[in-house]
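Biologist: I'd like to go through this model and check what each label rests on. Start wherever you like.

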Amino acid sequence: MTVLDDIIVGVTEDLEARKRATSLDELRERIAGQVPARDAYAALGGLDEPRTTLKVIAEVKRRSPSKGDLAAIADPAELAAQYADGGAAVISVLTEQRRFGGTLADLDAVRARVQVPVLRKDFTVDPYQIFEARAHGADLVLLIVAALSDAQLAEYSALTAELGMNALVETHTTGEIERAVAAGAKIIGVNVRNLKTLDVDRSIFGELAGSIPAGPVVVAESGVRGPADVEYYAASGANAILVGEALVSDASPRERIAEFTAAGAGAIAARTH
């Protein structure tokens, strides 16, 4: 069993408990009371042409399977506010409990505090989770191609759009990128961490990003340690980066986001001129 398989077993068990506690009809009622989802595609520069800036998706993340505890994060809303003040285009909130220490309460707190789009970061394996994300105010959900069949990817993408949200469609191989493109993904992430082994290989982004056609926002996921990594991703075709560990473990996340944004803009300028 791979690490991803093991995570999904736990996610499915926790999901069944939430289904027993809250019906789909209740989620639909909550959705009806939500303001419309914010446009994460636009926030990430999807409507801009040419895309001359690098956007940051800043993550509220307490721990990870690969590194263990990262930060206590007693007040996720305050951390998210610092991210937004620093210029983050989207806030990502981990809601998976067993491996990442996240909860839907974290999502609620962040949603109430910031005005930028919010990503519900979890392992989506059931349509219920997409309704759940919108009911808790998420504007964006994560769809991991490696965890879904083509039929599921199509179904979940359609449901996400029906609810007014966007999907960050995560890939790790050329074949997964082809599947994401075939599903009509508008935001495609290339995760340089192999979720089956947790190994990180930053060079994968440079090898794969060029195979993504014009149109989708291209997001580099994982592996950001500092400006040099940001410059590499931006020079290799990233329109945005998703950063967790480097921000939650930093005493000045607001300033770090500004630093990453500047590093990315410089690399994009060099790439396009």
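Modeller: Let's start with the second largest pocket, whose lining splits into 7 nonpolar, 6 polar and 3 charged residues. It's a predicted model, so local features need pLDDT of at least 70 and side-chain atom pairs 80 or more, while totals for chains, interfaces and linings use all residues. Numbering starts from 1 along each chain as its sequence is written, and side-chain values use heavy atoms, without hydrogens and water.

Biologist: What makes a lining residue nonpolar, polar or charged here?

Modeller: Ala, Val, Leu, Ile, Met, Phe, Trp, Tyr, Cys and Pro are nonpolar, Asp, Glu, Lys and Arg charged, and the others, Gly among them, polar. The pocket holds about 310 Å³ (space filled by probe spheres set on grid points joined across faces, edges and corners). Of its 16 lining residues, R51, A214, G237, N239 and R271 are closest to the centre. By the class rule, R51 and R271 are therefore charged, A214 nonpolar, and G237 and N239 polar.

Biologist: Why is something called a pocket rather than a cavity?

Modeller: On a 1 Å grid over the protein atoms alone, a cavity is a set of points where a 1.4 Å probe fits but cannot get out; a pocket is an open set with protein on both sides within 12 Å along at least five of seven lines, and lining residues have an atom within 4 Å of a point. The largest pocket has about 530 Å³. Of its 33 lining residues, E59, K61, R193, S222 and G223 are closest to its centre. The lining comprises 16 nonpolar, 6 polar and 11 charged residues, and α1 gives the largest share, 3 residues.

Biologist: How do you know that β8 and β9 pair?

Modeller: DSSP must find at least two bridges between strands (E runs of at least two residues, as helices are H or I runs of at least four, numbered from the N terminus). β8 (187–191) and β9 (217–221) have 5, so they pair, and they run parallel. One bridge puts V190 opposite A220 in β9. Parallel pairing also holds in the closed barrel of 8 strands, β1-β4-β5-β6-β7-β8-β9-β10.

Biologist: What makes D126 and K19 a salt bridge?

Modeller: The rule wants a side-chain nitrogen of Lys or Arg within 4 Å of a carboxyl oxygen of Asp or Glu. Their closest N and O atoms are 2.8 Å apart, so the pair qualifies. D126 sits in the loop between β5 (118–121) and α6 (127–135), K19 in α1, 107 residues apart. By that rule, the count reaches 20 salt bridges.
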